[in-house]
Amino acid sequence: MPLPKAELHLHIEGTLEPELAFALAAGNGVELPYKDTEELRAAYLFEDLQSFLDVYYSLMAVLRTEDDFFELTDAYLARAAAQGVRHAEIFFDPQAHTSRGVPLATVIEGLARALDGGEERHGISTRLIMCFLRDESAESAMETLDAAKPYLHRIAAVGLDSAEVGNPPSKFREVYEAAAALGLRKVAHAGEEGPPAYIREALDILGVERIDHGLRCMEDPELVERLARERVALTVCPLSNVRLRVVDTLEQHPLARMMDAGLLCTVNSDDPAYFGGYVGDTFHAVHEALGLGEEKLRELARNSFVASFLEDDEERRGRLIAEVEAYEFTAPE
Ligand SMILES: [Zn+2]
């Protein structure tokens, strides 16, 4: 049985495996610019965040109907369950779909139908986090928040993703204020390719509770000290960082140093279909490449539940943390 864990940084659109992409393309009469799954996999060799985003957005064209979103999400939950995921907080990008004519209702209803069955079908409790595309305008983000008002009971938090450099958190101050006024919690990607100053902006201007990625905090000792003191969770995605060349190799990844500095780190898969592994694979990879032993893996798993938005179900959180504490490693994770 794998180590129980929560996944807190997962873009549902990033779980689109080549096989499902081709199946949905055929069903929807969408022509993909790749001959077959092999040619598509070959396109997954990225130069940087932008070169990934280009493939990522072009492939989304296959997602059209509510059933497509259901199938995508249910397939993720099945894979995640097999790797020990017991709770998942899932990002989605409404603007990436509404901009190509797919109604927000189609997206949310397809996702929600899969998530509603998540606990019974896969043993995974879930929360949904609506992300704004930071390379789109602040006005577009505000329109997205307005359009989501009929579905707020489905959404736990707002997030901020896509091309980071040149799109600082401060650009989205107003929409984050409006989201908070609607009772939504707040996270944001910061310090992946962007500078440590973006992490400070996310904390001080947007008031986020968690930082997604955040690894560039390591360039700023004062910020590290603050993040550790305030127990701000970082949702680190080591395989993503290697694939997008934020770090050169997994062996050079700062995760172990971040944990030694007292940071509340979790590990996550980000866009697993594109980055070579789901979250259990990621635990295995950091064990191998960084020499993180059983107690460090246990710490990461415990942190994932501590940092999760399970305040409305403390009983479940407590039970899952107790399972992590009692877990007996049989083979390396
Ligand atoms: Zn991400």
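In which strand does His 189 lie? In this predicted model, the answer is strand S5, which runs over residues 185–190. His 189 is a handy place to start, and the rest of the picture can be built out from there.

First, the overall fold. The protein comes to 17 helices and eight strands. Its radius of gyration is 19 Å, close to the 20 Å that the globule rule gives for 333 residues, so the protein is as compact as a globular protein of that length. Laid along the principal axes, the C-alpha atoms fill a box of roughly 50 × 45 × 40 Å. Half-and-half is a fair way to put the burial: 50% of the 333 residues count as buried. As for how the chain meets itself, take the contacts between residues at least 6 apart in sequence; 75% of these join residues at least 24 apart.

The UniProt record, an unreviewed entry, places the feature "domain: Adenosine deaminase" at residues 4–324. Over that stretch the chain is 49% helix and 15% strand. The two ends of the stretch come back to each other, with their C-alpha atoms 6 Å apart.

Back to the histidines. The same kind of record, again an unreviewed entry, carries a "binding site" annotation that covers His 9, His 11, His 189 and Asp 270. These residues span 262 residues in sequence, yet no two of their C-alpha atoms are more than 11.8 Å apart, so they gather at one spot.

Two of them can be looked at more closely. His 11 has its place in strand S1, residues 5–11. With 25 other C-beta atoms within 10 Å, His 11 is buried. Leaving aside residues up to four places away in sequence, His 11 touches Phe 91, Asp 161, Asp 270 and Asp 271; one of these, Asp 270, is itself covered by the annotation. His 189 also counts as buried, because it has 28 C-beta neighbours inside 10 Å, and 20 or more is enough. Its contacts, with the same sequence neighbours set aside, are Leu 160, Asp 161, Glu 164, Asp 212 and His 213. Asp 161 thus turns up in both sets, touching His 11 and His 189.

Strand S5 has another part to play, next to helix H10 (residues 196–204). Buried residues of H10 are Pro 196, Tyr 198, Ile 199, Glu 201, Ala 202 and Leu 203. What covers them includes S5, along with strand S6 (210–213) and helix H11 (221–229).

Towards the end of the chain, two helices pair up. Helix H16 (residues 294–306) packs against helix H17 (residues 314–326) at an angle of about 180°, with the axes 9 Å apart. That makes H16 roughly antiparallel to H17. On the H16 side, the residues involved are Arg 298, Ala 301, Arg 302 and Phe 305, and they meet Arg 317, Leu 320, Ile 321 and Val 324 in H17. By class, this contact has five nonpolar, no polar and three charged residues. The spacing fits a general rule: an α-helix has 3.6 residues a turn, so residues three or four places apart point the same way.

One last spot is Glu 109, found in helix H6 (residues 104–116). Glu 109 is partly exposed, with 15 other C-beta atoms within 10 Å. From C-alpha to C-alpha, Glu 109 and Asp 67 are 9.1 Å apart in space, while 42 residues separate them in sequence.

How values were computed. Residues numbered from 1 in each chain as written. Predicted model: local features only at pLDDT ≥ 70, side-chain atom pairs only at ≥ 80, totals over all residues. UniProt positions renumbered as here; feature names shortened; annotations may be inferred. Helix = DSSP H or I, 4+ residues; strand = E, 2+ residues; numbered from the N terminus. Buried ≥ 20, exposed ≤ 12 C-beta atoms within 10 Å, placed from the backbone. Contact = placed C-beta atoms within 7 Å. Rg over C-alpha atoms; globule rule 2.2 N^0.38 Å. Axes fitted to C-alpha atoms, helices over the stretch in contact; angles between N-to-C directions. Parallel < 35°, antiparallel > 145°, perpendicular 65-115°, else oblique. Nonpolar A, V, L, I, M, F, W, Y, C, P; charged D, E, K, R; others polar.
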